[in-house]
Amino acid sequence: MFTPRGSGNPPPVRRDQVEPDQRRSGRVEPAGRGASKPVLFDAVLLDRDGTLIEDVPYNGDPDKVRPVPGAREALDRLRAAGLRLGVVTNQSGLARGLFTAGQMRAVHARVEELLGPFDTWQVCPHDERAGCDCRKPAPGMVRAAARALGTSPQRCVMVGDIGADMTAAGAAGAAGILVPTATTRPAEVAAAPAVVADLPAAVTAILARAALVTGPAPGPRRGTVLVARSDSAGDVLVTGPAVRAVAAGAERVVLLCGPRGRDAAALLPGVDELIEWPLPWIDGDPAPVDPDDVHALTARLAAVGADEAVVFTSFHQSPLPLALLLRMAGVPRISAISDDYPGSLLDVRHRAPAGVPEPERALSLAAAAGFALAPGDQPTLRVRTAGLPAPPSRLGRPGYVVVHPGSAVPTRACPPELAARIVRVLAAAGHRVVVTGGPDETTLTAQVAGDAGLDLGGRTGLAELAAVLAGAGALVVGNTGPAHLAAALGVPVVSLFAPTVPYGQWGPYRVPAVRLGDAAAPCRDTRATRCPVPGHPCLAAVEPGRVLDAVRLLGVPADAPATTAGPTGAVTSVPGPGAPAVVTGGGSSR
Ligand SMILES: [Zn+2]
């Protein structure tokens, strides 16, 4: 399944490495005869200096190549698991003339001699002044490596020792694992989606994540399965892949959700019927328990006639009260993640380690219950796009940048003054900017849009928001439901992420994304819903120019003239390149 070149053959590294040669498609053979496609990853991409081998600055001498401890054995474990390996490395020493391409080839031949073959080598020969799109933190080499391996960045995980490795991975849509060294800056460690001690630990983490979502081979198709996911739209959306896995093995799927998640649940593929019911042990602002209501819910659950149930929760929620009602409703088989002792409430009591991305945590429960994604279905978030309402015509053609300043959870919202400055900076750089928000956020969106953005505040329920996002080049948003909606639509995200919960767990999943904000702020991991720190410093200090940089890193072109300040009122049609910036005036911007 591999095409090892043999350690004697020098890897094909040249100065023009990032040129068309990389675009040649080396299709990936199936991972072994009879083996099914791995669920999560096809390939592991590795930084070279400081990750695979000790960092010897601008080294052109093969004799100075020293692998990090345990590297060969760790890489062989990945090879044995059917994963392909790529190296993704900045080598600006070439541009600076500090070593020759021939010397670098010799170094890479020595690396393969010591560590075994790699399936692709991606080298950026430029220095930072070149402004190329390959030098990390730009995502070009991650994309090129995926292409060379016949897969997509979403099916790759990047291991590296600095923030630029993580940014490049994220901006391409790949997963990232940081293996810090003594020179890795604390801010880079804080911002990384995942951090482990060293390369062998990264390999262990990758294989553990893959194993977690791979259950036993699914049995015969089940009849009616009741799945439950209460809480907000974002919670429902990140459970989507697991719901699709259940749907792939069931005749009928009934989803129990809460009022705040209903609109998202209605967009999930694989759901045949919805039951909306607030659960007082889940809601953040719960009503008192009403025995009549609990009896009514139990009767409603019994009426489903489910053959089994899968109860999805966040780690801080208990599935057991609902499991008890499901038992009383006569459901014969119930699966859930529970740290608390479940007695006879659960048939499948699953455990999942802390810190894995929420979609994978949910998929792991589905797998434990005996459900797997249909062949060819990727574990990405998805929503139904057929039947979405038409977006407002004054949006113009696709490619605008959406700024969504609000959030149901105050700590996770972008400060309004900052959001307004972001809109102005993006518009001044030639982006058409659209500001979205719910019916109770019209004052906010008017303030944020000013006269530089198109204010759609109050006009975008979740389905309408999906229709607007579907045409966006990128979304600028905090850690809130619309970030997951964008991910489900494949729209890149600039994530203004308050670190109250872990980014690796709740960040935009399997979609190109750039994280901004102070990941080491005092609110880190507090789960606070109101900012405990005056001034909301984790987000307030973000420079709007960083958002513009992030939009550029995500490859979204500015397609309006930078001069702007067009007429007030709606932009009804866009005549083509060089169209006016989308601006609003008068009523819609108050
Ligand atoms: Zn480059």
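Trainee: Which residues are buried in helix H14 (residues 442–449)?

Mentor: Good place to start, and keep in mind that this is a predicted model. Buried here means under 20% relative accessible area. In H14, the residues that are buried are Leu 444, Thr 445, Ala 446, Val 448 and Ala 449.

Trainee: What covers the buried residues of H14?

Mentor: The cover includes pieces from both sides of the list of elements, helix and strand. Helix H13 (416–428) is one of them. The strands included are E12 (400–404), E13 (433–435) and E14 (454–455).

Trainee: Which residue follows H14, and what is its phi?

Mentor: Happy to take that one: the residue that follows H14 is Gly 450. Its phi is positive, near 50°.

Trainee: Which atoms coordinate the zinc ion?

Mentor: Along the chain, the donors follow the spacing C-x1-H-x5-C-x1-C. Their distances are 2.0 to 2.3 Å. The coordinating atoms are Cys 124 (SG), His 126 (ND1), Cys 132 (SG) and Cys 134 (SG).

Trainee: What is the arrangement of the four donor atoms around the zinc ion?

Mentor: Four donors count as tetrahedral if all angles lie between 85 and 135 degrees. Around this zinc ion the angles are 99 to 118°, so the arrangement is tetrahedral.

Trainee: Is His 126 buried, partly exposed or exposed?

Mentor: Partly exposed covers the range between under 20% and over 50%. His 126 has 24% relative accessibility, so it counts as partly exposed.

Trainee: And Cys 134, buried or exposed?

Mentor: The cut-off for buried is under 20%. Cys 134 has 4% relative accessibility, and therefore counts as buried.

Trainee: How many disulfides does the structure hold?

Mentor: A disulfide is a covalent bond between the sulfur atoms of two cysteines. In this structure, the number of disulfides is zero.

Trainee: How many aromatic pairs does a search of the whole structure find?

Mentor: One of them is formed by Phe 118 and Trp 121, edge-to-face at 5.6 Å centre to centre with 75° between the planes. Another joins Phe 497 and Tyr 503. The search of the whole structure finds two.

Trainee: Why is the pair of Phe 497 and Tyr 503 edge-to-face?

Mentor: Planes over 60 degrees apart count as edge-to-face. The centres of these rings are 4.9 Å apart and their planes are at 85°, so the pair is edge-to-face.

Trainee: Which charged end sits over the ring of Phe 118?

Mentor: Phe 118 is buried, and so is Trp 121. The charged end over the Phe 118 ring, 5.5 Å from its centre, belongs to Arg 79.

Technical notes:
Residues numbered from 1 in each chain as written. Predicted model: local features only at pLDDT ≥ 70, side-chain atom pairs only at ≥ 80, totals over all residues. Heavy atoms only, no water. Phe/Tyr/Trp six-rings, centres within 6.5 Å; stacked < 30°, edge-to-face > 60°. Buried < 20%, exposed > 50% of the residue type's maximum accessible area, 1.4 Å probe, protein only. Lys NZ or Arg CZ within 6 Å of the ring centre and 35° of its normal. Helix = DSSP H or I, 4+ residues; strand = E, 2+ residues; numbered from the N terminus. Contact = heavy atoms within 4.5 Å. Donors = N, O, S within 2.8 Å, 3.2 Å for Na, K, Ca; no water. Tetrahedral: all angles 85-135°; square planar, octahedral: opposite > 155°, others 65-115°. Disulfide = S-S within 2.5 Å.
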